[in-house]
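Here are my notes from going through this one. Have the viewer open while you read, and follow the points in order.

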Amino acid sequence: MARIELRGIRKQWGAVVAVEDMNLVIEDGEFVAILGPSGCGKSTTLFMLAGIYMPTAGDLLFDGARVNEVEAKDRNVGIVFQSYALYPHMNVKRNIMFPLKFKGVPREEAERLALEAARMVRVEELLERMPAQLSGGQQQRVALARALVKKPQLLLLDEPLSNLDAALRLSMRSEIKRLQRETGITTVLVTHDQIEATTMADRIVVMRTGRIEQIGTAEDLYRRPDSLFVASFIGAPPINLVEGEAADGRLRVGELTLELRGDVAGAVVLGLRPESIALDGAGIPARVVDVEPMGRETLLLLDTPMGPLRVLQGGASVPYREGDQLGLTFAPQDSILFDRETERRLADVHAAPPKA
Amino acid sequence: MAVQTLEAPAGAERWQMLAVRARRRRRLTDSLLIGFLVTVSVPIILPYFWMLTISVSAKTGGVESVVLWRASGVLVPAVVAFGLLRLFVEGRRLLWGGLMIAAIALVALLLLVGQDLHAQNYRFLWNPDIVADIRGRATAEAQFPSVWVAFRNSLALAVTQTALVLTVSTLAGYYLSRFQFPGRSGFLQGLLVLHAFPAMTLIIPIFLLMYWSGLLDTLTGVILVIATLELPFAIFIMKGFFDAVPWDIEMSAMTDGASRRQAFLQVVLPQVKVGMLAVGVFAFIKGWEEYVFVRTLLFEKQNWVMSLYIFWVSEDIMGVDYGIVAAVAVFYILPSLLLYIFCQKYLVQMTLGGIKG
């Protein structure tokens, strides 16, 4: 178990910079997710933590000690790959025992530990099988057992659920979370799936083109996104973003003028989560363009003076139809404003619907 | 009951007719295919069969063509019969039928040519003076080395060159597959270009090279030459196999505590076993059958390999004793044959580029 620290980490290949100025502290026993679209440098970061890539610049610290040059084999890190990377020529038992071979663990002891790890992920019946004879979920469990058997100080998960079907993904998600809680191993999960990140991790690191965009809890990212990128990346259905001009305490959005709380002027972007918009007879006039039932909720597409908006309504059916006229409103504290130039959030600035 | 009502009598008849027609068509294509295969396989099987027949039946002074025709008269019908059998039965019954045909053919052979069979042509295995009968002791003395000397040389040549090709091509293929280095793409193109040149064009420079380096008329020299010429293609094949091994398992092995070398030996190498087997078998066969370079670079009797032995035997005795040439040929073929029989199960799994079929 370890406290991991990245200080000004950069990784580049030739002229291509994959990760730039990365600063991050992962506390002992913490579960951190690195979230971002493909090509954002999240896997590169993971491989630097594993010791497969060496950072070009900066310091990587395990419990305060610099490990930049420590080889992968000496770092005591467990890793689960997206492809599971089981050794195809070894049966499950020998796969799980493989890491112990290099630690000089005596054979009986190794077998006992392997069985223990197999029990932990519930594959003890499969020990004699070959990887090709296992289903995706079973391979996943074996890969977890192999990563855990050596009691690593850091567990790395590289898109571990993306090759599983939806139902299995759900159960593996809680399984991994349970294992992490039980063992208390510091864990880093790399994913492009916001649901995986928000459901499993204590904290989430959002990355974009090699840089950290924001670090925070799921709630931080959702309610107080630092940038337009985070706001639009987190949340499904996605946030409504409309461009506006702020001046003299008013915000001009499309054909509508909103009131501003806070001091700001110039080009801004107003963000409204689909569920923070309330519908009633009064307020900003809107016309229903489309109704999309999503099961537990219903998504409405509205045409408003602010432009098209998505609005989420609870319940499988709503009393609205295409073409209906209605009014909408929102609470000022739910509105999020961004500077259009820097794309950063404007703290303590909110917009309010015009007074009727 | 419900099913019966669904099948109207007219419809059922129609289905019946379609089924019969499909069965007939399938049988027709099958028989055409098998007929074609039998026809083209007879000219391939026949020479080997004749070689075997001559080696156990021919006597000094000429070939008894009667024996050949009789033997062929048994073999060809047997092959055709097996083709027909294949058309009508399958599985265990095919196996038993095949064995039955083989037994009948064997009995027929024994009845027809049994009295002509003898092992005299194989005398070279224990008596080096194989020309004694023809030329008399005095002239024949020590003209030929023992066949076992040639056999041993051939084996040494093939095994050593296989080991050499296998080691170098595996390591080089791995490096080419995994590492980026200046000149890599040029090197890869070079491998293909090198393979495209006929080796014969190099024979004079290689001769001079061997002469000046003092390796002329040594097995070592020949081994180095053949291995060198074999390597480009072998490296290329091995690179293809390594390319097919995912990076993930190697990275996984290294985070599991293996060094790069341990990861290579314990995790990557087992994935390319089939490729190594293929490269190994081809290198062995190449070394075993090599003729051009051994003919050019080896002179002394003590350095003869099997291909030279069979060449000199046929050179000296041809026209007088076909039997012994055929017998040497049978002896020469056996190791390759055994190798193929043991490895063919694995070899059919391979395709160029390393993707298992």
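**Notes on the A/B model**

1. Starting with the interface: 21 residues of chain A are in contact with 16 residues of chain B. Keep in mind throughout that this is a predicted model.

2. Putting the two chains together buries about 1600 Å². Carbon and sulfur atoms give 62% of that area. On the chain A side, look at A:Lys73, A:His89 and A:Phe102, which lose the most area to chain B. Together they make up 32% of what chain A's side buries.

3. Now chain B by itself. Its domain assignment gives domain 1 as 13–118 and domain 2 as 129–347. Taken over C-alpha atoms, the centres of these two domains of chain B are 35 Å apart.

4. On to the pockets. The largest pocket comes out at about 670 Å³. Its lining has 29 residues, and the closest to the pocket centre are B:His195, B:Thr228, B:Leu229, B:Glu230 and B:Pro232.

5. Which helix gives the most to the lining of the largest pocket? That would be α10(B), with 10 residues. In residue numbers, α10 of chain B covers 219–243. Other chain B helices that each supply at least two lining residues include α8 (184–196), α9 (203–212), α13 (273–289) and α14 (292–297).

6. If you care about the chemistry of that pocket, the lining divides into 24 nonpolar, 2 polar and 3 charged residues.

7. Back to chain A, at strand β1 (residues 4–13). β1(A) pairs with two strands that I'd look at together. With strand β2 (residues 16–26) of chain A, the pairing is antiparallel over 7 bridges, and A:Trp13 has A:Val16 in β2(A) as its bridge partner. The hairpin between β1(A) and β2(A) has 2 residues in between, and A:Gly14 in the turn has a positive phi of about 60°.

8. With strand β4 (residues 57–62) of chain A, β1(A) also runs antiparallel, this time joined by 5 bridges. Here A:Glu5 sits opposite A:Leu61 in β4(A). When you check which way side chains point, recall that in a regular strand they alternate between the two faces of the sheet.

9. Further along chain A there is another hairpin, which joins β17(A) to β18(A) through 2 residues. Strand β17 (residues 297–304) and strand β18 (residues 307–314) of chain A pair in the antiparallel sense over 8 bridges. One pair to pick out is A:Leu302, whose bridge partner in β18(A) is A:Leu309.

Key
Residues are numbered from 1 along each chain as its sequence is written. Chains are lettered from A and ligands numbered from 1 in the order in which they are written. This is a predicted model: local features need pLDDT of at least 70, side-chain atom pairs count only at pLDDT 80 or more; totals for chains, interfaces and linings use all residues. Side-chain values use heavy atoms; hydrogens and water are left out. Two strands pair if DSSP finds at least two bridges between them. Helices (H or I, at least four residues) and strands (E, at least two) are DSSP runs, numbered from the N terminus. Domain bounds come from an automatic or database domain assignment. On a 1 Å grid over the protein atoms alone, a cavity is a set of points where a 1.4 Å probe fits but cannot get out, and a pocket is an open set with protein on both sides within 12 Å along at least five of seven lines; lining residues have an atom within 4 Å of a point. Grid points are joined across faces, edges and corners, and a volume is the space filled by probe spheres set on the points. Ala, Val, Leu, Ile, Met, Phe, Trp, Tyr, Cys and Pro count as nonpolar, Asp, Glu, Lys and Arg as charged, and the others, Gly among them, as polar. Contact means heavy atoms within 4.5 Å. Buried area is the accessible area (1.4 Å probe) that two parts lose on being put together, summed over both.
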